[in-house]
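Reader: I am in my first year and would like a close look at a single part of this model. Please take one residue and work outwards from there.

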Amino acid sequence: MEDTAMEDTAMEASHTVDFPLDEIGSSGQSGTATLVASGDSTVVTLQLSEGSLETELVHIHNGQCGDTLAGVAHGLTDFAGGAG
């Protein structure tokens, strides 16, 4: 039993993806989004430079930036100080 649990943990740890977040416009804000598989869910962690934040609310949209950007798909936990 313990071997299976260890294999599952190793498999989940191997399902980690980092995305660079580039500055848009002249916001001065950039960073990294890290997505980690956690069972049937995905844990999203953000590391952001302060830039010119107007809010500390973060979310994921449907679609891509530009003409295909749609509504908010997932609201994320607020962050403070550039991490959350």
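Author: A residue is called buried when its relative accessible area is under 20%, exposed when that area is over 50%, and partly exposed in between. The model shown here is a predicted one. The residue to look at is Ile60, which sits in strand 4, a strand that covers residues 58–61. Ile60 has a relative accessible area of 33%, and therefore counts as partly exposed.

What is Ile60 in contact with, once its neighbours within four places in sequence are left aside? The list is Val44, Val72, Ala73, His74 and Leu76. A contact here means heavy atoms within 4.5 Å. For Ala73 there is also a distance between C-alpha atoms: those of Ile60 and Ala73 are separated by 5.6 Å, although the two residues are 13 residues apart along the chain.

Val44, also in that contact list, leads to another part of the chain, since strand 3 runs over 41–48. Three strands make up an open sheet, in the order 1-2-3, with antiparallel pairing. Strand 1 (16–21) and strand 3 stand at the edges of this sheet; each has a single partner strand, so one side of each has no neighbour in the sheet. From one strand to the next, the twist averages 20°. In general, strands of a sheet pair through backbone hydrogen bonds, in either a parallel or an antiparallel way.

Strand 2 and strand 3 are joined in the antiparallel sense by eight bridges. One bridge can be named: Gly31 has Leu48, in strand 3, as its partner. Strand 2 spans residues 31–38 and includes Val36. With a relative accessible area of 25%, Val36 is partly exposed, and Ile60 is likewise partly exposed, at 33%. The C-alpha atom of Val36 is separated by 8.8 Å from that of Asp18, and these two residues are 18 residues apart along the chain.

The whole chain gives the setting for these details. Its secondary structure consists of one helix and five strands, and along the sequence they follow the pattern α-β-β-β-β-β. The chain has 84 residues, of which 8% count as buried. Its accessible surface is about 6,400 Å², and carbon and sulfur atoms hold 54% of that. Among contacts with a separation of 6 or more, 24% are between residues 24 or more positions apart.

How values were computed. Residues are numbered from 1 along each chain as its sequence is written. This is a predicted model: local features need pLDDT of at least 70, side-chain atom pairs count only at pLDDT 80 or more; totals for chains, interfaces and linings use all residues. Side-chain values use heavy atoms; hydrogens and water are left out. Helices (H or I, at least four residues) and strands (E, at least two) are DSSP runs, numbered from the N terminus. Buried means under 20% relative accessible area, exposed over 50%, partly exposed in between (1.4 Å probe, protein chains only). Two strands pair if DSSP finds at least two bridges between them. Axes are lines fitted to C-alpha atoms, for helices over the stretch in contact, and angles run from 0 to 180 degrees between N-to-C directions. Accessible areas come from the Shrake-Rupley method with a 1.4 Å probe; for residues, only the protein chains shown count as cover.
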